[in-house]
Amino acid sequence: MTRWGMVIDAARCVGCQACTVACKTENQSPLDAWYAPVVEWEEGEFPDATLNYLPVLCNHCEDAPCVTACPSGALTRRDDGIVMADEDVCIGSRACMTACPYGALHFFEDRGTVAVEGAPAEAAPSVPERYAHQRHVRGAVSKCTYCAHKIDFGLENGLEVGVHPLATPACVVTCPAECRIFGDLDDPDSNVSQYLAGHGGGEVLRPDAKTLPSTQYVGLP
Amino acid sequence: METVLGARTGTAYGDGWVRSACTICMNRCGILAHVNDDEVVDKILGDPDNPHNHGRTCAKGDAGFEGLTDPDRITTPLRRTNPDKGVGVDPGWVPISWDEALDEIAGHLRDTIADDPEKILYTSFDIYHLRGALAASWVTGLGMPGYSTWSAAIFCGNNVHGILYMNQNAFESNPDPIYSRYILNFGAQFGSVVHYDTMHSTHELSVRRSDVRMVSVDPVCSSAAAVADEWVPIRPGTDAALILGMVDQLINELGIYDAEFLKNSTNAAYLVGTDGRYLRDPRTGKPLVWDEANGPQPFDAGTANAALTGTFDVDGAEARPGFQMLADHVRSYTPEYVESITTVPAETVRRLAREFGEAACIGETITVDGVELPYRPATVAWYRGLSAHKHSMLNGMAIILLPTLIGGIDVPGGLLGDPWGLIGKVKDLEYTSKASDDGLISQGFIGGGRVGGLYPPRPTGPPKTTEMWELLPCAPYGTVFSLLNSEQPELFGAPPFPSMMINFNSNMMKSSGPPEVVERFIKRIPFVAAIAKRFEETTLMADIVLPDVHYLERMTPLVYQHLASGDSRHSAYGAKPVVQSSIEGPVAGEPFVDAMQIYLELLKRADRLPQFNEAFNNIAKMRDPYRLDPDASYSYFEICDRWLRNTLGDDKGLDWHLSDGLWTEDKTVEQKFPRPFFDARAQVYCEFMIDTKQNLENTVEELGIPWETDDYQPLPDWKPGPAYERTAPHDLFVTNMKVPNHALSHTHKNSILSTLSNRHNDLKSVWINPKTADARGISHGDLVQIETSGGRKQTATARVTQLVHPEVLATQGCGGGWSSGSSGDEVNFNALLNIDVEHIDFVSGALDCAIAADVRTVRSGRGGAR
Amino acid sequence: MTAVSPTAGGGSGPQNVFMDQFDLEARTQRVWDINHAIWFTLMGVGGGVFLAGRILNLTEGLGYLLGIPTVDVVSFGAIAVGGAILVADLGRPLQAWRAFVNVRTSWISWGAWSDLIFLVVAGLLVLPALSLGGSEPFSGLGWDPHGGDGGGLALEIVAGVAAVVVMTYAGAVLARPRAIPYWNSPAVPLQFLLSSAAMSVAVVMLIEVIAGEPVTAGQMVLLGLLTAALLIAVVVHLLTRTAEPGKRESLERLLRGQYRGLFAGLVVVAGTALPLVLAVVGAAASGARDALAVLCFLLLVPGGFWLRLLTLRVGIFPPVHIPGVASPRTAGG
């Protein structure tokens, strides 16, 4: 079996938010929703203060609480471990949003910035907004899919997933610091497994939530 | 020529992907842009084949397609009908034809050239044009001495370019991202995505992060300081004291310096007399060095062991080597004295010097490509942080001492230069510099732009323009004097004011001085034309506006020709239209792809094409059969085709550019690390400053105008800037910093990046240390007003944070604005600047950006909100 | 890391949670608020009044509407209105039918089914009694609307079980995921169940008073037991896992922060402890029972609403990562 996973070496992150924006343009997420931001926090007191960075995104959990909570079946976990949101099926109960410990689900509210449904797409003020309204369903929840469309494209076209830029999640491709590695967690010889092995295993966020994430970290502050 | 635009098969990435170049910042990364079935660009990737950025992009580059479909795009030439100009004044635009617009601008050009071509002011920071031969040829064709990068020329390279040309024959320099093991950032952000060579260096440093120690000396914990091993907060404008304290430690306490390098590759051994000038060989006029065995010898007499230290008697005259002069000079910069100036603890001063010196590995070598080279893996980075100060040039002279002392220049691990003085020529780059008669690296006037070097200094004379170029013999730019002359016309005897301005990709109103100052300057110019994609604050001041193309619609070859330093590959590539602009251009029937098409039309209508063709031949180093016939008229496409073939080979013309467009080549070891392979020397003791000062003083005395010449000195000092002696209530410094998701000011209207800003690094905020906030009763989230000692004001939201020096108010970028799409409530740092004699460096033309200020709560905010 | 972002309090602004905030603070959920508190309350009362009416055998004699006992009308009405609010609050109300899909794991699906089953089955149960303009068109249906025969009893049991689920599932929705530690406890659905039961007894008492029927000592004892149990459930929840990230911030809000007054006053004292005292007094003093019953209703129903609303509003996600606290290694160690 394949279980796609991402390893993030947090010690490498420079906080540039390239991933944040690459994800947004790849997935054309609603303007107010950020599927893969870099969170930051201050530590210490002047002059021994610093700013820490941590890239976050959907954890694609083996025991995904969002899938469990979703009443409509819009949220599902694929056989390859990717947790998908079918926005056409979603009813907008947002149960997933309260169930996810990572805040990885994003509700597409109609915020009144764009013409009403049915208006020509050109009426949207900017390319990102226009495509957000074409690609996403208002009133539904959307999320990071590990760029499943790119992975599927790669598999269909014989491109190496995690290596070829058209077959790798956008946040991984863009990262100037090479913080992120994407590959098959079930394959002990894969890039991700080897990287984890080389660092004594990975850490996860919110271990208390026992969600068994596929997004794992090394070098967590 | 039938041009093939929108060729979408030039990459291995399938249909819809076009290889091009990003224009958002100076890095000009290689990109692949995707066009969807609606003919809309919807995705940008880094070009994986490009050795400059290795397939990576930053947040700005990822979001770059935004703006292509901006409803505010200017689509036709426009004429102003309202004679009144200013902030908030409706220009009353009416559309006019290209012919009408071009003829009118060409008429002004003709008249001004007939009067004095120096009265044309061309302001542009268009990085595609500036780094190629295009901008230089255009202004040279008009008979102007150069263009003005305007805002960049006020803030950025003032103490950078000349200093680097002096000591390493380079326009820019960066730490070696591959071999460096100790990197000291002084107010710079190398290693983060806020610098040059960002994608390459960030990647290299990140994957070797545990092997590299990075230290950031900065009043603010910038994004680079955040990822550094250590943040050393410092009082703004005092870096030179810390640097000279480190130099004192290295020389006088630790004895750590690369004596071999100093003797053979610098002027450190040149003997200096009591008048500060070199002692010269009476016969040859060459500077002397002291040979331990044979006494005084000309520097180039093959002396193996010239003395660096000591005091010598040369025919009755007392002489010390320049190095000894430096050693004596810096002795007063004790760690305790440095602490009192900088707030950096004396122990930290000692430790930083020791760390830097020990990390330099003096005496060690490394083998690269089979060649044994000096290995100096300790280095520094600086740009605006040290440059935008009153005593900017002295800061630059101080900082360059650190890499020079350890021999860490253009060797593995050291400070690596980018020798782009050779515009338009990728192959056969001359990496070595011709030496002056004194054996020194000698570059002088750089390229086709109005960018001056430091050594040899230019001759002085009466100023021909408001830039006072002729009174700035060592400055790279004089732009700030244009604003000063506009504010105080009689101060320097009213030098000739511009008769006309053409503005292109430089939002002067927002990105240089306070808007009201720049507004007064522009209003005094009788005719202003602007070329713009959409209305910016400066466009709104124009008499005639011409449309421009978005960078994803542009075709500009050779915009990138080598910036990645050190152990990386050469590359050359350019921009090509990812989509074809629907805007009608200046040439009927020709796709609109670049503002150069406008310039060619203007040159033609102003009868200056022959001069342009000649200039282009010279600047682009054109050879037969590609040279332009001065009497012929070429389309932009033909010029590009010839330029490409001339530069990259006959098979690499426009067709190649449009279908492939990426040229790469391995570097030789001499190209990677040139310093060990040439003889011209860097300078430790700037003897030329003494005569320069004297010449300048003579000139200004003749002119009868006031001028400051105190900073023309052969060895650097720290001197207090105008805000150093602060008095209550203006007892804080307000400064600004760069953020990784904006470049200059022109990304502020990108809806993705501005939304990100609002969420993340709020451009409306000012960072205040909790101590300072407490003392002034300011709470996190309060709306506060910053007021400078000059009475200028900006409102901001208080971000109370430990990440800033208690004496500092830190703002981000230069936000705000009043053109459509601007966020008026962002902080515009430039609106706080003082354009006066006290804040300008008369050596480098820098403007001091550490302003004395007060801050008070205007309206209480919600605590905890951010 | 104890700072907590300001809550939305049901106002405007994005509901998206902390991932959109670019920081690492504990983050209050902004997804569910006053609409949810209202329908949680209505569902609890709706299911509870039906059960209370049946268990206390108070369906008859307290008035009728179209032949249907008032108690049942109140029950159906509450659930119908609650359900309407629920549907209206969905992002895509027209897709509401899909809420029935994931019965395998989703408590909301269980809730949707239980609401539907309750309304259908309880509706069928009372249908024979429906009186329209003097005629009873469904009287021919073969069961006793009061559960007196086999068919009626079967419907009554099914409806009763559905009612219990209706009363409980809102709490279960909150309690099941571990994301929000304050919610992730059996105490939350237990509180909701007990609160629903207590509110429902009070509603039935009020109906009795309006109908002029005596409130009994037994009813007061039952109310006293329910409020006592509720008080214990609330207090125990306040005293457990108090140091856990997320719950710590929730408790801070409830006990010391912005909700201190509302929680202590409206939920604990007025909404639970005082009704308990009144019920004890009422059980002993027969003369004041009507007044005490009305008073209990006036205290318990707002108390129940505020219990739910404050539970929602102190739903706090702890930071996704506590700096310096290592997680167990996943692999390769």
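These notebook entries follow my look at backbone geometry in a predicted model.

Entry on cis peptide bonds. I began with chain A, where I found that the bond joining F46(A) and P47(A) is cis, with an omega of about 5 degrees. I then placed the proline against the secondary structure: P47(A) sits in the loop that runs between β2 (38–43) and β3 (50–55) of chain A. In chain B, I noted a cis peptide bond from Y455(B) to P456(B), for which omega is near -5 degrees. Looking up its surroundings, I located P456(B) in the loop between β19 (415–418) and α17 (479–487) of chain B.

Entry on positive phi. I turned next to L212(A), which is not a glycine and yet has a positive phi of about 55 degrees. I traced L212(A) to the loop between α7 (191–198) and β9 (215–218) of chain A. Is L212(A) buried or exposed, or something in between? I counted 15 C-beta neighbours inside 10 Å, and L212(A) is therefore classed as partly exposed.

I also recorded L558(B), a residue other than glycine whose phi is positive, near 55 degrees. Its place is within a strand, namely β23 (residues 556–561) of chain B. Why does L558(B) count as buried? I wrote down that 28 other C-beta atoms lie within 10 Å of L558(B), and the class applies because a residue is buried if 20 or more such atoms lie within that distance.

Entry to close. I keep L212(A) on my list as a loop residue that is partly exposed, and L558(B) as a strand residue that is buried.

Conventions. Residues numbered from 1 in each chain as written. Chains lettered and ligands numbered in written order. Predicted model: local features only at pLDDT ≥ 70, side-chain atom pairs only at ≥ 80, totals over all residues. Helix = DSSP H or I, 4+ residues; strand = E, 2+ residues; numbered from the N terminus. Buried ≥ 20, exposed ≤ 12 C-beta atoms within 10 Å, placed from the backbone.
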